[in-house]
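Colleague: I would like to go through this model with you. Please show me the structure first.

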Amino acid sequence: MRLILASASPRRCELLGQIGVSPDVVDPADCDETPRKGELPTCYAQRVSAEKAALVAARHPGALVLAGDTVVAAGRRILPKAETESDARQCLELLSGRRHRVLSAISLIDGDGKARHRLSVNIVTFKRLERVEIDAYIAAGEWRGKAGGYAIQGRAAGLIRAIQGSHSAIMGLPLYETRALLKAAGYPLD
C-alpha cells in the first residue's frame with residue numbers, strides 16, 4: 001500500500017516518522033491557499049486540506065494520499081504564513097499576551113477514492129511579549145513561512161505560557177488523528 005504525502009513540509013515527514021510511518025512519495029499539492037471572502041478559520045483549514053488531498057490523489061490513482069493544513073486563528077481572523085519580517089512582527093504583536101487557536105486539518109484519500117477527514121483544535125497562549133523578545137525572535141529567522149509567524153518547536157516554545165491540545169498538531173500534523181485515519185484505511189502500523 002503506497003502512501004503519498006501531499007506536503008512540501010519536511011516537518012510533516014519528521015512527524016510521521018515519530019509514529020513509524022515513512023511516505024513512499026512526497027508530492028506537494030501546490031494549490032491556491034487564499035482564504036475566501038468571509039471564510040472562517042475552521043472551514044478554511046478543512047477546505048484546503050481536502051483540496052490538497054484531492055489534487056494529489058488525481059496524480060496517484062490507487063494510492064493512499066495524506067494532506068494537511070495548519071491555520072493559526074485569532075478569533076475569526078486567519079493569520080498568514082509569515083513571508084516578511086513585517087508579517088512576523090504583526091502576527092507576534094497580535095498574539096502577545098493572548099490565547100489563539102491552532103487548527104490542524106488532515107485528509108486521507110484511500111485507493112478507492114474514499115476521503116476521510118479529521119480536525120485538531122488547539123489553544124496556545126503567548127506570554128505578553130516585550131519588544132526586545134519580538135526583535136530577537138524575528139532576528140533568529142525561524143518565523144519564515146510559518147503560520148502565525150512562529151514555530152512552537154523552536155525558540156517560540158520559551159514564549160508560550162500554555163497549550164491545550166496536541167503539540168504535534170501545533171507543529172503541523174496531529175499524530176493521534178493521523179494514525180487513526182491511516183489505521184482506518186488499512187495502512188500497516190506497528
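Modeller: Contact here means heavy atoms within 4.5 Å. Keep in mind that this is a predicted model.

Colleague: What makes helix 3 and helix 4 meet?

Modeller: By that cut-off, Glu85, Ala88, Arg89, Leu92 and Glu93 in helix 3 meet Arg131, Ile134, Asp135, Tyr137 and Ile138 in helix 4. By class, this contact has five nonpolar, no polar and five charged residues.

Colleague: Why are helix 3 and helix 4 called oblique to each other?

Modeller: Helix 3 (residues 85-95) and helix 4 (residues 131-140) pack at an angle of about 140°. Roughly antiparallel needs an angle over 145 degrees, and roughly perpendicular runs from 65 to 115. The angle fits neither range, so the two helices are oblique. Their axes lie 10 Å apart, and the crossing is right-handed.

Colleague: How much space lies in the largest pocket, and which residues are closest to its centre?

Modeller: The largest pocket holds about 560 Å³. Its lining has 29 residues, and Ser9, Arg12, Lys81, Gly145 and Ala147 are the closest to the centre.

Colleague: Which elements each supply at least two residues of that lining?

Modeller: Helix 1 (10-18), strand 3 (64-74) and helix 5 (167-171) do. By class, the lining has 14 nonpolar, six polar and nine charged residues.

Key
Residues numbered from 1 in each chain as written. Predicted model: local features only at pLDDT ≥ 70, side-chain atom pairs only at ≥ 80, totals over all residues. Heavy atoms only, no water. Axes fitted to C-alpha atoms, helices over the stretch in contact; angles between N-to-C directions. Helix = DSSP H or I, 4+ residues; strand = E, 2+ residues; numbered from the N terminus. Parallel < 35°, antiparallel > 145°, perpendicular 65-115°, else oblique. Left-handed = near helix turned anticlockwise from the far one by under 90°. Nonpolar A, V, L, I, M, F, W, Y, C, P; charged D, E, K, R; others polar. 1 Å grid on protein atoms, 1.4 Å probe; cavity = no way out; pocket = protein on both sides within 12 Å on 5 of 7 lines; lining within 4 Å. Points joined across faces, edges and corners; volume = space filled by probe spheres on them.
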